Amino acid sequence: MNLLKMYKHFVIIYMKGKLAYHFALIFELIANTIQIGIYFAGFMVIFHNFDTIAGWNCYEVLFMFTTSWLAYSFSCFFFWSPMKDMGELIRSGKFDLYLTRPIKPLLYMVLSQFQYTFIPRLVLSIVFWLYSMSKLSIAWTPKVIALYGINLISAFVIFSAITIFTGTISFWTVKSEEIVSLLTNNNYGLKNYTDYPITIYGKGVQRILSFVIPYALTGYYPVAYILGKDVPYTSLSHISPLVAVIAATISYIFWNYGLRHYGSAGS
């Protein structure tokens, strides 16, 4: 409860600073809304020309990738900006300030910012998520609801763990923005590959998305199970909680290892 109050206080301070330039904030939100809207428009154009992709119809694919986007958007609220900016913080020496705070550096980095630019992505994801479900006949039994809810939480943890892991690389490279974007940016990064059934890609990409950087576990496999799809590696539909725990543990250990070996780059 104290942590939530602290986060609320930090968000208010952060947004007050942003509202000092309210036109810039509004235009930024509008630009992001247009960008995400264009993405969905492109999606609709694709399915205007093709009835199905790898055996999935328009509403099934929409349900799949908006499921992933929901968890991704919430994760980005907390971790995208801190990890993307890690390189700059270390280069400028500003990261030293986080080490002097009475709370852990990662927690302070998360609390002291609010990535409001992901609000349009979250809102539009919810709209199309609800729209896709209205077009699908899904039997929402208690088991399915529990499975879906657990997988959403697991997807949030998986996205967050990967983002933290890539940001931690800055402790050695000092510049990791490109690495973070390559793996986590939903516009052109590897994350973008899971917006469609992964069977449209080669076996190598499928294995990477399933076993190395497990983005396919955030939407593709759980939704395929719920929709009754016959997909490769069907057993992966149920292991996202385990993978989330493993990913979070590796990310936590790697972050602490990087923190212990941090050497200030500032003056």
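Start by selecting Phe43, which lies in helix 2. You are looking at a predicted model, and every value on this tour was computed from it. Is Phe43 buried or exposed? With a relative accessible area of 0%, Phe43 is buried, because buried means anything under 20%. Show its surroundings next. Leaving out residues up to four places away in sequence, Phe43 touches Cys58, Val61, Leu62, Phe65 and Tyr196. You can also try the distance tool here: from Phe43 to Thr199, C-alpha to C-alpha, is 18 Å in space, while the two are 156 residues apart in sequence.

**Along helix 2**

Now widen the selection to residues 22-49, the whole of helix 2. This helix has 28 residues and spans 41 Å from its first C-alpha to its last, close to the 40 Å expected at 1.5 Å a residue. Colour Leu25, Asn32, Ile36, Phe40, Phe43 and Phe47, which are the buried residues of helix 2. What do these buried residues pack against? Their partners are helix 1 (2-19), strand 1 (52-53), strand 2 (56-57), helix 3 and helix 7 (119-134).

**An enclosed helix**

Move on to helix 12, residues 220-227. Six of its eight residues are buried, so helix 12 is largely enclosed by the rest of the structure. Pick them out one by one: Tyr220, Tyr221, Pro222, Val223, Ala224 and Ile226. The elements they pack against are strand 2, helix 3, helix 8 and helix 11 (203-212). Before you leave, step just past the end of helix 12 to Gly228, where phi is positive, at about 75°.

**The cavity**

Stay with helix 12 a little longer and look for a hidden space. How many cavities of 30 Å³ or more does a search of the whole structure find? There is one, and it holds about 40 Å³ of space. To see its walls, select Thr67, Tyr148, Asn151, Leu152, Thr218, Gly219, Pro222 and Val223. Pro222 and Val223 were also in the list of buried residues of helix 12. Helix 8 and helix 12 each give at least two residues to this lining, with the largest share, three residues, coming from helix 8. By class, the lining has four nonpolar residues, four polar ones and no charged ones.

**Thr168 and Trp255**

Helix 8 leads to the next stop, Thr168, which lies in that helix. Thr168 counts as buried because its relative accessibility is 0%. Setting aside residues up to four places away in sequence, Thr168 touches Met83, Phe254, Trp255 and Gly258.

Follow that contact to Trp255. Which residues does Trp255 meet, leaving aside neighbours within four places in sequence? The set is Met83, Met86, Phe95, Pro105, Leu106, Met109, Ile164, Thr168 and Phe171. Met83 is therefore on the contact lists of both Thr168 and Trp255, where contact means heavy atoms within 4.5 Å.

**The largest nonpolar core**

Trp255 also belongs to the largest nonpolar core, which has 76 residues. Within this core, Phe95 and Trp255 touch the most other members. For the element that gives the most to the core, select helix 3 (residues 58-84), which supplies 15 residues.

**Two pockets**

Keep Trp255 on screen and turn on the pockets. The largest pocket contains about 320 Å³ of space. It is lined by 16 residues, and those closest to its centre are Phe79, Leu106, Ile164, Tyr252 and Trp255. Helix 6 (105-111), helix 8 (142-168) and helix 13 (240-260) are the elements that give two or more residues to the lining. Helix 13 has the largest share, with six residues. The lining is made up of 12 nonpolar, three polar and one charged residues.

For the last stop, go to the second largest pocket, with a volume of about 250 Å³. Which of its 13 lining residues are closest to its centre? Select Ile162, Phe165, Val212, Pro214 and Ala247. Two elements you have already visited, helix 8 and helix 13, are those that give two or more residues to this lining. Here too the largest share comes from helix 13, this time five residues. By class, 11 of the lining residues are nonpolar, two are polar and none is charged.

Terms used: Residues are numbered from 1 along each chain as its sequence is written. This is a predicted model: local features need pLDDT of at least 70, side-chain atom pairs count only at pLDDT 80 or more; totals for chains, interfaces and linings use all residues. Side-chain values use heavy atoms; hydrogens and water are left out. A nonpolar core is a set of buried Ala, Val, Leu, Ile, Met, Phe, Trp, Tyr and Cys residues joined through side-chain atoms within 4.5 Å. Buried means under 20% relative accessible area, exposed over 50%, partly exposed in between (1.4 Å probe, protein chains only). Helices (H or I, at least four residues) and strands (E, at least two) are DSSP runs, numbered from the N terminus. On a 1 Å grid over the protein atoms alone, a cavity is a set of points where a 1.4 Å probe fits but cannot get out, and a pocket is an open set with protein on both sides within 12 Å along at least five of seven lines; lining residues have an atom within 4 Å of a point. Grid points are joined across faces, edges and corners, and a volume is the space filled by probe spheres set on the points. Ala, Val, Leu, Ile, Met, Phe, Trp, Tyr, Cys and Pro count as nonpolar, Asp, Glu, Lys and Arg as charged, and the others, Gly among them, as polar. The expected span of a helix is 1.5 Å times one less than its number of residues.
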